[in-house]
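User: Hi! I am new to reading protein models and would like to work through one with you, question by question.

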Amino acid sequence: MSDQLSLMAVYAHPDDEQGVSGSLAKYARQGVNTTLICATRGEVGEIAPGVQATPETLGQVREGEMRCAAAKIGLRHLYFLDYRDSGMVGTPENDDRRNLHQASLMEVTEKVVRIVREQKPQVMVTFDAWGGYGHPDHIQIHKAALMAFWMAGDARIFPEQLTNGLQAWTPQKLYFNVWPRSRYARFAEYLEREGKEIPEWLANFGARATPEDVISTRIEVAEFAKLKLESLQCHASQLGPNTIFRQIPQELWLDMVKQETMILAESRTGRVSDETDLFEGIT
Ligand SMILES: [Zn+2]
């Protein structure tokens with residue numbers, strides 16, 4: 001593959017990229033220009049025991065963890081949009097005016113459009129409209145990525161960006177990275193076998209997971225599973241005892257992540273099903 005191919009993932013927090021970290025690594029190895037937008041530094045949330053961080057330093061620590069993960073997967077460009085993590089609905093952080101969820105959607109979109117015009121991705125990847133599990137930052141960045149997909153190629157939109165050689169750019173495909181029901185089922189089966197209770201959040205998660213026949217695109221990343229593991233381990237402050245990763249044996253985890261699953265949501269190259277390459281159909 002040539003240097004001109006470009007893949008961009010658009011996410012909200014450090015570790016969100018894990019759903020596509022194998023694909024990013026795989027295409028980076030093939031010489032594709034890979035970019036990750038991480039809109040916040042994940043300033044809010046529990047700090048895993050044993051990690052040197054305080055609520056005041058957490059953003060800085062998680063930026064470092066994100067850079068560690070990016071280096072593992074060979075990512076070429078990492079952009080932070082400098083919003084604050086909004087936390088979950090119902091928490092006080094959710095009302096902070098500096099957070100992603102409170103920001104103007106057009107302002108966030110403008111930032112994403114600028115990076116699209118800089119990095120010229122044919123393929124973009126982001127969350128689905130439910131943000132995977134309803135996190136308000138995930139939903140906000142999903143909307144901004146979707147709008148940027150349609151707007152970046154129109155020179156009438158944000159024309160003030162078009163200086164110093166920056167030009168309008170039209171991406172060809174937009175994917176939503178999703179978790180298939182089968183993956184939840186395997187996790188639930190494991191817990192059952194071990195005589196452990198299935199937590200309520202997992203049951204809810206599973207109920208909303210994507211049915212297999214809706215998934216259009218499966219990327220084989222078995223050879224990058226170890227690398228995915230290493231990049232996940234960079235996010236040490238997020239790997240508390242309640243995370244999925246800490247509750248299953250490493251072998252099972254490695255087996256569960258050997259395929260990354262997407263829905264081709266928007267396309268200028270036509271409809272597909274049963275794809276195994278994000279760049280299929282791109283000329
Ligand atoms: Zn997130």
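**A walk through the model**

Analyst: Happy to help! Gly240 is buried, at a relative accessible area of 12%. Keep in mind that this is a predicted model.

User: Where in the chain is Gly240, and how far apart are the C-alpha atoms of Gly240 and Ala48?

Analyst: Gly240 sits in the loop between helix 8 (225-234) and helix 9 (244-247). Leaving aside neighbours within four places in sequence, Gly240 is in contact with Ala48, Pro49 and Arg246. Gly240 and Ala48 are 192 residues apart along the chain, yet their C-alpha atoms are separated by 4.3 Å.

User: Let's zoom out. How many helices and strands are there in the chain?

Analyst: The chain has two kinds of element to count here, and the totals are 10 helices and seven strands.

User: Why can the chain be called as compact as a globular protein of that length?

Analyst: The globule rule gives 19 Å for 283 residues. The chain comes close to that value, so it is as compact as a globular protein of that length. Along the principal axes, the C-alpha atoms fill a box of roughly 60 × 45 × 30 Å. The radius of gyration behind the comparison is 18 Å.

User: What share of the residues counts as buried, and what share of the contacts links residues 24 or more positions apart?

Analyst: Burial first: of the 283 residues, 53% count as buried. For the contacts, we look at those with a separation of 6 or more. Among these, residues 24 or more positions apart account for 79%.

User: And what about the surface: how much of the accessible surface belongs to carbon and sulfur atoms?

Analyst: The accessible surface of the chain comes to about 13000 Å². The part that belongs to carbon and sulfur atoms is 50%.

User: How far apart are the mean positions of the positive and negative charges?

Analyst: The chain has 30 positive and 39 negative charges. Taking the mean position of each group, the two points are apart by 3 Å.

User: There is a zinc ion too. Which residues coordinate the zinc ion?

Analyst: The donors follow the spacing H-x2-D-x121-H along the chain. They coordinate the zinc ion at 2.0 to 2.1 Å. With their atoms, they are His13 (ND1), Asp16 (OD) and His138 (NE2).

User: Why does the pair Asp16 and His138 tie together parts that are apart in sequence, and are these two residues buried or exposed?

Analyst: Asp16 lies in the loop between strand 1 (6-11) and helix 1 (21-29), while His138 belongs to helix 5 (residues 136-151), so the pair ties together parts that are 122 residues apart in sequence. As for accessibility, Asp16 and His138 are both buried.

User: Is Glu63 buried or exposed?

Analyst: Glu63 has its place in helix 2 (residues 58-72). Leaving aside neighbours within four places in sequence, Glu63 is in contact with Arg41 and Phe80. Its relative accessibility is 18%, and the cut-off for burial is under 20%. Glu63 therefore counts as buried.

User: What is special about phi in Phe158 and Asp274?

Analyst: Most residues other than glycine have a negative phi. Phe158, in the loop between helix 5 and strand 5 (173-177), has a phi near 50°. Asp274, in the segment after strand 7 (259-267), has a phi of about 55°. Neither is a glycine, and for both the sign of phi is positive.

User: Are those two residues buried or exposed?

Analyst: Phe158 has a relative accessible area of 13%, which makes it buried. Asp274 has a relative accessibility of 67%, and residues over 50% are called exposed. The answers are Phe158 buried and Asp274 exposed.

User: Where is Met88, and how far is its C-alpha atom from that of Thr35?

Analyst: Met88 is in the loop between strand 3 (77-83) and helix 3 (105-119), and it is partly exposed at 36%. Not counting residues up to four places away in sequence, Met88 touches Asn94, Tyr133, His135 and Pro136. Met88 and Thr35 are 53 residues apart along the chain, and their C-alpha atoms are separated by 26 Å.

User: One last pair: how far apart in space are Thr170 and Gly153?

Analyst: Thr170 is placed in the loop between helix 5 and strand 5 and is partly exposed, with a relative accessible area of 34%. Beyond neighbours within four places in sequence, Thr170 is in contact with Gly153 and Arg268. Thr170 and Gly153 are 17 residues apart in sequence, and their C-alpha to C-alpha distance is 4.1 Å.

Technical notes: Residues numbered from 1 in each chain as written. Predicted model: local features only at pLDDT ≥ 70, side-chain atom pairs only at ≥ 80, totals over all residues. Heavy atoms only, no water. Helix = DSSP H or I, 4+ residues; strand = E, 2+ residues; numbered from the N terminus. Rg over C-alpha atoms; globule rule 2.2 N^0.38 Å. Buried < 20%, exposed > 50% of the residue type's maximum accessible area, 1.4 Å probe, protein only. Contact = heavy atoms within 4.5 Å. Areas by Shrake-Rupley, 256 points an atom, 1.4 Å probe, with all protein chains shown as cover. Lys, Arg positive; Asp, Glu negative; His and termini not counted. Charge placed at Lys NZ, Arg CZ, Asp CG, Glu CD. Donors = N, O, S within 2.8 Å, 3.2 Å for Na, K, Ca; no water.
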